[in-house]
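Here's a quick walk through one model, written for someone at the bench. Have a look at the sequence and the fold, then read on.

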Amino acid sequence: MTIRNVSDAKEQLSALLVMVEQGEDVVIARSGRPIARLIQFERPKAPRKLGALEGQIWISPDFDDPDPEFEKSFYEGPLEPTT
């Protein structure tokens with residue numbers, strides 16, 4: 001694993017990407033504290049199949065109907081949250 005600070009990573013981004021392509025993990029740090037990790041992108045093995053969960057899940061026919069209580073609080077509620 002390679003660790004670079006932000007300013008070095010900016011200057012060496014192309015080289016760091018080559019390292020990632022070769023399978024190495026790269027950590028980017030700010031003031032010595034790790035904040036991000038560059039890893040090789042892995043494509044999904046197969047495209048997702050639509051309807052794969054058919055018959056295994058149930059969604060209520062009214063799942064997206066408006067909720068009167070929510071709408072009332074949205075339009076008539078306080079502007080600021082109350083604690």
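Which strands does helix 2 lie across, and at about what angle does it run to strand 2? Helix 2 (residues 13–21) lies across strand 1, strand 2 and strand 3, and it runs at about 140° to strand 2. Contact here means heavy atoms within 4.5 Å. Axes are lines fitted to C-alpha atoms, for helices over the stretch in contact, with angles from 0 to 180 degrees between N-to-C directions. Helices (H or I, at least four residues) and strands (E, at least two) are DSSP runs, numbered from the N terminus.

Before going further, a word on the source. This is a predicted model, where local features need pLDDT of at least 70, side-chain atom pairs count only at pLDDT 80 or more, and totals for chains, interfaces and linings use all residues. Residues are numbered from 1 along each chain as its sequence is written, and side-chain values use heavy atoms, with hydrogens and water left out.

**The sheet**

The 3 strands make an open sheet in the order 1-2-3, with mixed pairing. Strand 1 (2–5) and strand 3 sit at the edges with a single partner strand each, so one side of each has no neighbour in the sheet. From one strand to the next, the twist averages 30°. Two strands count as paired if DSSP finds at least two bridges between them. The two pairings look like this:

| Strand pair | Sense | Bridges |
|---|---|---|
| Strand 1 and strand 2 (residues 26–30) | parallel | 4 bridges |
| Strand 2 and strand 3 | antiparallel | 5 bridges |

In the parallel pair, isoleucine 3 has valine 27 in strand 2 as its bridge partner. In the antiparallel pair, arginine 30 stands opposite arginine 33 in strand 3. Strand 3 is hardly covered: 0 of its 6 residues are buried (buried means under 20% relative accessible area, exposed over 50%, partly exposed in between, using a 1.4 Å probe and protein chains only).

**The hairpin turn**

Strand 2 and strand 3 form a hairpin with 2 residues between them. Serine 31 is in that turn and has a positive phi of about 55°. Most residues other than glycine have a negative phi. Serine 31 counts as exposed because its relative accessibility is 78%.

**One salt bridge**

A salt bridge here is a side-chain nitrogen of Lys or Arg within 4 Å of a carboxyl oxygen of Asp or Glu, and by that rule the count is 1. The side chains of aspartate 25 and arginine 37 make it, at 3.2 Å, N to O. This pair links distant parts of the chain, 12 residues apart: aspartate 25 is in the loop between helix 2 and strand 2, while arginine 37 is in strand 3. Aspartate 25 is partly exposed at 26% relative accessibility, and arginine 37 is exposed at 52%.

**The loop between strand 3 and helix 3**

Isoleucine 57 lies in the loop between strand 3 (33–38) and helix 3 (68–76), and it counts as exposed at 56% relative accessibility. Leu53, Ile57, Ile59 and Phe63 form a nonpolar surface patch with about 450 Å² of accessible area together. Areas come from the Shrake-Rupley method with a 1.4 Å probe; for residues, only the protein chains shown count as cover. Patches take residues with over 30% relative accessible area and no salt bridge, joining like charges within 9 Å and nonpolar side chains (Val, Leu, Ile, Met, Phe, Trp, Tyr) within 5 Å.

Lysine 45 is also in the loop between strand 3 and helix 3, and it is exposed, with a relative accessible area of 86%. C-alpha to C-alpha, lysine 45 and aspartate 64 are 33 Å apart in space and 19 residues apart in sequence.
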